[in-house]
Amino acid sequence: MAQNKIGKQTLHFPSTPIITSWASVVGPMEGKGPLGEKYDLVLTDTLAGEKTWEKAEQKMMQFSIELALEKRNLLPKDLDFYLAGDLLNQITCANFTARFLNTPFLGLYGACSTFAEGLCMAGVLLEGGFAEKVGVSASSHHDTAEKQFRTPTELGDQRPMTAQWTVTGSASIIIEKTGTGIILTHATIGKIIDLGNSNAQDLGSAMAPAAFDTLKTHFEDLGRNENDYDLIVTGDLGLLGHGILKELLKEKGISPDRFNDCGIMVYSPDQDTHCGGSGCGCSGVVLTAHLIERLLSGYYHRILFIGTGALLSPLTSLQGETIPCIAHAVVLESRGE
Amino acid sequence: MIAQNVLLNEQEMTKWLNELQKEHQKVLFWEAQAKGEERKKFAGLRQEIERQQQRIARPQQIDYQSTAIKLVPPQTVIKNVIMAFLVGGSICLIGQIIYNLFTQSGLGLKDAAAATSSFLVFLGALFTALGYYDELGKVAGAGSIVPITGFANSIVSSALEFKREGYIYGVGARLFTVAGPILVYGTMVSILVGLVYYFVR
């Protein structure tokens, strides 16, 4: 039996890795959202002074990790590992940011679950005694995502009501073996769940079963229930996916009162995004700008953060494949002294 | 082998999928070792197992889809249709005014039609480049896609999007990503209609 594994899919981190520093960088639209005041840096335009959106996204990721390092008075060379991912082909933003940082680097791809995946992996590296300081980043950019997954941004088409708006934003955190901050106690690694959705404009209903499966396994593995958490927050299910998750929870007799979704929190309803936000950046910036602060202030004591990802590509959508989805959960606690 | 279209509970489902997985692995192993006719037989068997693997999850998928579909927010059809009518109509009205101005200033009917189309394409391209056409399209839908200005929008938006990948592999290669299908099938249908017209007449 693996020593630090509980049940089927849950990892336990007895040494409690600590999130000591975090930073978020977002685009102008997110800056106008309900959490606008809380981000570390709000860009004035989506190009961030660069020539292409791809470069702008890479800069955003770089800014976020630099800000996180600066807050803690660290330099990139102090990191043992850097874990990062984004939505673009060959995760170029992450690779190019790592080129700048010059630290040992592992690229991650979990679509919009990348940030949660990074937290899980950082926990593993620290728990295993392989590192003292690990940096984790994830980013997404509305325009690069539209360009890659959908249609040109200036095309005058109507988005369906089920569509979500990819968040322009990047989040980074530094996780360390010692220090002060938020502790990481458990992580549940998800399985791929595919319930036959093939509509690339409706990722919420594709991802909801994956979030549900991970959540259920997490509860079974740890013998916990929804009342053990002050907040259970999913990554980017959006309004529709969140609604479906609530239905699935009710069927199982789980009360959905303490559930929320980063995709709903990141934009206000009058921003006309239809079903809310999505993307790697979505869950990342909400966690780093809002949820961690709330844990720190004692508003929440323990939250379950479930990153959800739809692992499709434009090619597989056209070939009529259904969308495999994944969800990873991490337990974050404010350290009760 | 299990009956089709039976909604299994989770344990049964896992049990069957594990069983099939085991079977698949085994048959694949035999297939890899077999030669000639026998290999084909195993390949057929393997594909049958693959079909079963898909079939077994189907009822569960249908069951989920039927729950999910109830929560999908409805499309605002009536509003969309009215806006499409108004905006589409306005674009056509503008076209008509331009056409009348051209004919009044002495152009022949055919030339005036061609000049009107060019002018509308220019307007569509201009407002796409200024960043207004996608805002219009969000409200108007088909009302701004169907007129010729929508065609201009589809080409110019692609050109803007891929300009950063250079003029050859960016703009040149991707210019018709949106408009391409319209051109291909539009041309094909026009040929078919032409043929029908030729023979029926």
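I take helices (H or I, at least four residues) and strands (E, at least two) as DSSP runs, numbered from the N terminus. On that footing I count 10 helices and 15 strands in chain A. I note at the outset that the model I am reading is predicted.

**Chain A, overall dimensions.** I looked up the extent of chain A along its principal axes and found that its C-alpha atoms fill a box of roughly 55 × 50 × 35 Å. I then checked the radius of gyration: for 337 residues a compact globule would come out near 20 Å, and the 18 Å of chain A therefore agrees with that expectation.

**Chain B, domains.** I found two entries in the domain assignment of chain B, with domain 1 spanning 10–71 and domain 2 spanning 77–200. Taking the centres over C-alpha atoms, I get a separation of 48 Å between domain 1 of chain B and domain 2 of chain B.

**Where chain B meets chain A.** I listed the contacts between the chains and found 22 residues of chain A in contact with 29 residues of chain B. On the chain B side, at least two residues each are supplied by α2 (36–71), α5 (133–140), α6 (142–145) and α7 (148–162). When I sorted the residues of this side of chain B by class, I obtained 10 nonpolar, 15 polar and four charged.

**α4(B) against α7(B).** I next followed α7(B) to its packing with helix α4 (residues 109–129) of chain B, where the axes are 8 Å apart and the angle is about 45°. Angles of 65 to 115 degrees would count as roughly perpendicular and those under 35 as roughly parallel, and α4(B) and α7(B) are therefore oblique to each other. I recorded the crossing of α4(B) past α7(B) as right-handed. Among the residues that meet here I noted L120(B), V121(B) and G124(B) in α4(B), and A152(B), N153(B) and V156(B) in α7(B). By class, I find nine nonpolar, seven polar and no charged residues in this contact.

**α7(B) against α8(B).** I then turned to helix α8 (residues 167–174) of chain B, whose axis comes within 8 Å of that of α7(B) and crosses it at roughly 160°. Since angles over 145 degrees count as roughly antiparallel, that is therefore how I describe α7(B) and α8(B). I entered this crossing, too, as right-handed. S158(B), A159(B) and F162(B) of α7(B) make the contact with G170(B), V171(B) and R174(B) of α8(B). I sorted the residues of the contact of α7(B) with α8(B) into three nonpolar, two polar and one charged.

Technical notes: Residues are numbered from 1 along each chain as its sequence is written. Chains are lettered from A and ligands numbered from 1 in the order in which they are written. This is a predicted model: local features need pLDDT of at least 70, side-chain atom pairs count only at pLDDT 80 or more; totals for chains, interfaces and linings use all residues. Two residues are in contact if their C-beta atoms, placed from the backbone, lie within 7 Å. Ala, Val, Leu, Ile, Met, Phe, Trp, Tyr, Cys and Pro count as nonpolar, Asp, Glu, Lys and Arg as charged, and the others, Gly among them, as polar. Domain bounds come from an automatic or database domain assignment. Axes are lines fitted to C-alpha atoms, for helices over the stretch in contact, and angles run from 0 to 180 degrees between N-to-C directions. A crossing is left-handed if the near helix is turned anticlockwise from the far one by less than a right angle, and right-handed if clockwise. The radius of gyration is taken over C-alpha atoms; the globule rule is 2.2 Å times the number of residues to the power 0.38.
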